[in-house]
Amino acid sequence: MPSAGNSVDERRSGIERRSGSDRRDPGVAEEAATLPLQRVFPHARLSESEAAKRAAAIEAHRRALGSRLGRNVGAVVAAVDYMLNISGELVAPTIVEHEALELLEHRSVTDPLTGLFNRYHFDATMNREIARCRRYGVPLSLLLVDVDRLKLMNDRWGHHAGDQALGRVAAAIQKSLRGTDIAARLGGDEFAIILPDTDAVAGLIVATRIRRNLVENASTMVTVSGWSSCRGMASKCPPLS
């Protein structure tokens, strides 16, 4: 005589068994439940609650697809199909490997010559830090650095020499900063460093550190001039050389 457990198994439909939506394959359901929507759709703007609701809807859609197709459907496939054909939030999606996307995103905000952030990333970060400074009343410093006589160097020794000088300045800046500081090349010979939670005195200390790192092991003389600003109060820095 069949056991009660076997009777329950027999009452399950063949579609459920074929689609793998039974207890033998909990991994797919777990994958859908923990689907990182921001990783799959990095440009989606979803709150935590919205993301949870969307993940639940995608999981239900995945199960329905699995029942109709008679096989397991991956969470990412179900998510793309849901956002494209059900919710209409995707219009013309392009499939890109995540590592390739990260590389593209890095290049979009990075200056290729110096490895620092570019003007686009600087503007976005500066606006965000100014808003945070005003909202919470925390100090914020900005250092502006120009390489002295870069055009003359390019004219006399060639642009390769000028590029080397820019690289040396960028390396000195990177070596002088904390993990929370943001350094960018604005263009040409201009650099900018955002120093969150830093007052004017601490900002000048960073400028002095940049100067010290710039002259260490220097085979050729490169000098820079700087300007510091803290919460809207500007003050001229001593020449950094």
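How many bridges join strand E1 to strand E4, and in which direction do the two strands run? Seven bridges join E1 (residues 140-147) to E4 (residues 224-230), and the two run antiparallel. Please keep in mind that this is a predicted model. The notes below start with the strands, then turn to salt bridges, a charged surface patch and one buried alanine.

**Strand E1 and its partners**

- Strand E1 spans residues 140-147 and is mostly covered, with six of its eight residues buried.
- On the E4 side, leucine 143 has serine 228 as its bridge partner.
- E1 is also joined to strand E3 (residues 190-196) by seven bridges, and this pair runs antiparallel.
- If you would like a landmark for the E3 pairing, look for leucine 140, which stands opposite proline 196.

**Salt bridges within helix H5**

- A search of the whole structure turns up nine salt bridges, and several of them are described here and in the next group.
- In helix H5 (residues 48-69), arginine 62 and glutamate 59 sit three residues apart, about one turn of the helix.
- Their side chains meet in a salt bridge, with an N to O distance of 2.9 Å.
- Arginine 62 has a relative accessible area of 7%, so it counts as buried, the cut-off being under 20%.
- Glutamate 59 is buried as well, with a relative accessible area of 12%.
- The pair belongs to a wider set: Glu59, Arg62 and Arg63 are linked in a network of salt bridges.

**Salt bridges around strand E2**

- Arginine 185 forms a salt bridge with aspartate 111, and their closest N and O atoms are 3.3 Å apart.
- Because arginine 185 lies in strand E2 (residues 182-187) and aspartate 111 in the loop between H7 and helix H8 (119-136), the pair ties together parts that are 74 residues apart in sequence.
- Both ends of this bridge are covered: arginine 185 counts as buried at 15% relative accessibility, and aspartate 111 is buried with a relative accessible area of 10%.
- Another salt bridge brings together the side chains of aspartate 181 and arginine 178, at 2.6 Å from N to O.
- Here the two partners differ in cover: aspartate 181 is buried, with a relative accessible area of 8%, whereas arginine 178 counts as partly exposed at 40% relative accessibility.

**A negative patch on the surface**

- Which residues gather in a patch of negative charge on the surface? They are Glu97, Glu99, Glu102 and Glu105.
- One of them, glutamate 102, has its place in helix H7 (residues 98-108).
- Glutamate 102 has a relative accessible area of 43%, so it is partly exposed: the value falls between the cut-offs of 20% for buried and 50% for exposed.

**A buried alanine in helix H6**

- Is alanine 79 buried or exposed? At 0% relative accessibility, alanine 79 counts as buried.
- Alanine 79 lies in helix H6, which covers residues 75-86.
- To see what else to display with alanine 79, try histidine 61: the two are 18 residues apart along the chain, and their C-alpha atoms are separated by 8.2 Å.

How values were computed: Residues numbered from 1 in each chain as written. Predicted model: local features only at pLDDT ≥ 70, side-chain atom pairs only at ≥ 80, totals over all residues. Heavy atoms only, no water. Patch = residues over 30% accessible without salt bridge, like charges linked within 9 Å, V, L, I, M, F, W, Y side chains within 5 Å. Areas by Shrake-Rupley, 256 points an atom, 1.4 Å probe, with all protein chains shown as cover. Salt bridge = Lys/Arg side-chain N within 4 Å of Asp/Glu carboxyl O. Lys, Arg positive; Asp, Glu negative; His and termini not counted. Charge placed at Lys NZ, Arg CZ, Asp CG, Glu CD. Helix = DSSP H or I, 4+ residues; strand = E, 2+ residues; numbered from the N terminus. Buried < 20%, exposed > 50% of the residue type's maximum accessible area, 1.4 Å probe, protein only. Pairing = 2+ DSSP bridges.
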